[in-house]
Amino acid sequence: MKKAKIDPQTSSSCGKSKKRQQPRANSPAYKGKNKGHKGSNIFESYINLKEVSIGLKQGELIQGQLRINPKKYQEAFIPSPDGARDILLDGIVARNRAMNGDIVVVRILPRDQWKVVKVDIEGKGASVSDTQKESVVKTAQKKTDHMPWPVDIVEDRSCDLDKLARKMQNTTLMDTGEHQEDSSTPLEILQKTAKVVYIVEKKHSRAVTGFLKFLPDKPFALFSPVDHRVPRINVLLADCPQDFRSRQADYTYTLFICRITNWPANSNFAEGQLIKTLGQAGQIEPETEGILLEYEVDFSEFSEEVVNCLPKDLPWSIPAEEIKKRKDLRKECIFTIDPATARDLDDALSCKVLPDGNFEVGVHIADVSYFVGENNALDAVASQRTTSVYMVQKVIPMLPRLLCEELCCLNPRTDRLAFSVIWQMTPKGKILSEWFGRSVICSCVKLSYDHAQSMIESPGKTFTPEELTPVDPAHRIDVIHRAVLNLHSIAQNLRTQRFAEGALRLDQSKLSFTLDKETMMPQGCYVYQYKDSNKLVEEFMLLANIATAKHIHARFPQLALLRRHPPPKAKMVEELQELCNQLEINMDLSSAGALQMASYFCAGLPGEESFNHYALNVPLYNHFTSPIRRYADLVVHRLLASSLNCGPSFELSMEDVKKQALHCNDKKTVSKRVQELSAELFFGAFVKSCGPLDADGMVMGVLDLCFDVLVLRYRVQKRIYCKHVKGLQSFRHRQVGKKHELTLLWRAEGSEKAPIEQVISIFSLVEVQLKADAAPMKYSAVLKRPEENQPKTKKC
């Protein structure tokens with residue numbers, strides 16, 4: 001089950017228009033600008049580093065990472081250091097030229113500049129008990145997603161509970177975008193706001209894709225970014241294509257990449273330079289290149305210096321002296337299970353029955369650290385890339401393909417170097433002993449997930465060689481089949497035990513595509529099915545990661561590169577539990593319910609006391625099983641080798657490990673976003689070529705003017721704005737407890753028919769149509785008119 005990510009931004013009003021408007025200096029978005037002096041700046045000057053240091057120590061300033069609402073770019077937020085609701089930066093001037101992802105220092109604004117938020121709770125009843133009074137105050141304090149502590153009631157600073165409770169019984173309705181209020185005034189609450197006074201680190205690349213517009217009588221052109229969170233940019237005509245002035249129309253749909261070089265304090269617009277002309281918008285490759293450049297993904301070819309770090313005599317064979325240093329497992333029944341199209345096979349499994357009825361189970365990971373020496377050119381580029389980036393039509397590898405697909409690839413019937421973790425365990429998965437070490441293996445077969453799934457689903461079947469990929473004749477197919485079945489049985493027990501102890505299921509739906517081999521355009525799409533064979537591999541990879549984390553932390557408590565998943569804020573869990581209870585959904589959120597992202601960190605640094613991986617519900621965890629595509633795993637391999645005295649001593653300092661951990665975190669976030677954008681790009685192309693597409697949807701969030709729909713067949717989520725729904729006569733919004741509802745009134749069709757009422761609330765089922773937009777590769781979800789005889793609201 002996919003866990004919904006709760007973002008404080010999603011419960012605020014979605015805004016009145018999707019059309020981008022660049023605010024003027026005198027607009028509300030620029031409130032707070034300096035006044036009183038002729039020619040005064042729009043943005044304040046940054047304070048100096050000394051003032052930052054003093055302010056942070058004294059608690060007058062707050063440091064955090066800026067997040068800009070992608071659907072309402074005037075709003076930005078930073079986390080509150082006390083774990084309370086996020087702090088709002090209201091308007092572009094408050095951001096002071098900081099961009100999404102930047103590490104900033106902010107100053108909380110005076111209370112009279114905090115934002116007033118109206119709170120409306122539906123309720124009935126003439127009398128209110130003291131307990132109810134206290135309850136409604138707590139409800140008010142929880143009401144806005146970005147609520148700071150403490151809160152003040154604007155209407156009544158003395159906070160008369162009788163008056164407050166009755167105010168909260170009022171109902172506010174939204175009808176065609178306008179509030180309709182009864183005779184009582186809604187409760188108003190102050191929300192803490194801040195402004196940026198210093199940029200600690202510019203995490204945003206300052207590069208962005210977009211379009212050029214010619215401005216008559218100006219020495220520059222106007223660059224409009226596709227990402228509305230980035231300001232429009234003035235680009236000197238001298239930096240534009242030579243014929244841009246004379247052939248402006250030819251460049252209307254040309255996609256460029258531009259980098260901001262300066263943003264003057266006295267201008268709404270940034271200044272920048274064109275980096276590259278990408279090509280026509282709406283074409284896969286220009287759009288893909290734009291994504292990679294904007295997110296600073298290094299997709300250049302590996303240099304000769306880097307490639308020269310690898311063996312030159314091919315085909316390469318393991319030196320005899322190296323084999324002597326390792327555990328020789330080449331005669332064991334070891335095999336890989338991967339997607340059928342995988343070329344970088346970096347993990348393998350083994351399982352054999354012991355005389356006492358227990359099992360010897362092995363996880364064998366490609367020994368990348370043997371080929372990637374510390375501090376050479378290959379290590380330098382890998383430590384900068386930190387991860388392979390997976391897009392729909394290609395992979396941007398962390399390491400050269402010679403290493404990924406040959407030297408370290410665990411191809412069948414080929415001797416390969418590995419790092420192995422071998423356990424003796426009971427059929428229930430209880431570990432009796434474990435061994436870590438460098439090894440030599442020889443995989444006997446490359447199984448796909450489908451092969452392994454067939455073996456699991458047909459335990460009594462005799463598989464023929466023609467049904468599998470080539471198998472090493474030294475190992476019988478029935479022995480391999482039995483090993484898969486035993487692994488599956490143990491994995492089921494391990495999985496059951498993990499969930500019983502409080503671990504989370506974090507299954508992520510993945511949209512996959514079938515591509516035309518010549519054009520690489522999408523011909524079809526489907527949601528990847530996560531089967532028992534996937535779960536089998538996952539369980540033993542998790543087990544190996546947990547085991548190596550414990551081992552390395554015990555030997556290098558100061559240097560261990562671990563991975564943690566923080567617990568959710570208690571307040572968010574309480575609110576989610578309250579919503580689930582109201583919706584009559586039985587969900588236990590008392591244990592793992594993590595909502596934050598997992599991250600790498602160095603165990604020995606001060607302040608790093610919490611090591612738990614909350615989602616997995618384990619005290620120690622790291623990444624060990626994918627060194628071909630993750631640099632963090634390579635660092636863990638080096639630590640493991642050093643701890644076992646089978647490799648060079650680990651020479652990085654705590655500060656070095658910390659810096660690398662932070663860099664890995666940043667690049668992993670980028671990789672995930674690029675992967676999402678690639679899927680969005682291809683799905684947009686699919687809708688354009690194959691749409692319109694009719695599909696069922698499930699409502700995942702309701703705001704006052706719009707709602708979000710998960711299109712079930714394709715696992716994509718789109719926002720539908722009520723005022724853009726054709727055929728709608730009116731709509732109104734209300735909230736009952738934690739549950740938001742939109743009531744849509746559809747116009748009558750024909751003189752004898754009555755209007756149709758449709759209620760939209762979380763988990764409602766709706767029918768939508770996906771249609772291509774005029775903008776290249778963009779599409780929208782259109783709400784379809786409900787049938788007259790169907791219920792007002794459909795539930796899953």
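Colleague: In the open sheet of three strands with antiparallel pairing, what is the order of the strands?

Modeller: The order is E2-E3-E4, and the pairing in this open sheet is antiparallel. The edge strands, each pairing on one side only, are strand E2 (67-68) and strand E4 (87-90). Please keep in mind as we go that this is a predicted model.

Colleague: How many bridges join strand E3 and E4, and which residue of E4 stands opposite Ala76?

Modeller: Strand E3, which covers residues 75-78, pairs with E4 in the antiparallel sense over four bridges, and the residue facing Ala76 is Leu89 in E4.

Colleague: Where should I look for a hairpin, and how many residues lie between its strands?

Modeller: Take strand E25 (residues 511-515) and E26, which pair in the antiparallel sense over five bridges, with Leu515 standing opposite Pro522 in E26. These two strands form a hairpin with six residues between them, and in the turn Met520 has a positive phi of about 60°.

Colleague: Strand E26 spans residues 522-527 and contains Tyr526; why does Tyr526 count as partly exposed?

Modeller: Partly exposed is the class between under 20% and over 50% relative accessible area. Tyr526 has 41% relative accessibility, so it counts as partly exposed. Together with Tyr528 and Tyr530, Tyr526 forms a nonpolar patch on the surface, and the accessible area of the three together is about 280 Å².

Colleague: How should I check the span of a helix such as H11 against its 24 residues?

Modeller: The expected span is 1.5 Å times one less than the number of residues. Helix H11, residues 477-500, should therefore span 34 Å, and its end C-alpha atoms are 35 Å apart, which agrees. After H11 comes Gly502, whose phi is positive, near 110°.

Colleague: How many salt bridges does the structure hold, and which residue forms one with Asp367?

Modeller: A salt bridge is recognised when a side-chain nitrogen of Lys or Arg is within 4 Å of a carboxyl oxygen of Asp or Glu. The structure holds 40 of them, and in one of these Asp367 is joined to Arg326, with the closest N and O atoms 2.7 Å apart. This pair links distant parts of the chain, 41 residues apart: Asp367 is in the loop between strand E19 (359-366) and helix H8 (377-385), while Arg326 is in the loop between helix H7 (320-324) and strand E16 (327-328). Asp367 and Arg326 are both buried, and they belong to a network of salt bridges that also links Glu322, Lys325 and Arg438.

Colleague: Where do Glu676 and Arg673 lie, and how many residues apart are they?

Modeller: Both lie in helix H15 (residues 654-690), three residues apart, which is about one turn of the helix, and their side chains meet in a salt bridge at 3.2 Å, N to O. Glu676 counts as partly exposed because its relative accessibility is 31%, and Arg673 counts as partly exposed because its value is 28%.

Colleague: What is the distance between the closest N and O atoms in the salt bridge of Glu467 with Lys461?

Modeller: The closest N and O atoms of Glu467 and Lys461 are 2.7 Å apart. Glu467, at 32% relative accessibility, counts as partly exposed, and Lys461, at 38%, counts as partly exposed.

Colleague: Finally, how many helices and strands are there in the protein chain?

Modeller: The protein chain has 15 helices and 36 strands, and buried residues make up 52% of its 796 residues.

Key: Residues are numbered from 1 along each chain as its sequence is written. This is a predicted model: local features need pLDDT of at least 70, side-chain atom pairs count only at pLDDT 80 or more; totals for chains, interfaces and linings use all residues. Side-chain values use heavy atoms; hydrogens and water are left out. Buried means under 20% relative accessible area, exposed over 50%, partly exposed in between (1.4 Å probe, protein chains only). Patches are made of residues with over 30% relative accessible area and no salt bridge: like charges are joined within 9 Å, nonpolar side chains (Val, Leu, Ile, Met, Phe, Trp, Tyr) within 5 Å. Accessible areas come from the Shrake-Rupley method with a 1.4 Å probe; for residues, only the protein chains shown count as cover. Two strands pair if DSSP finds at least two bridges between them.
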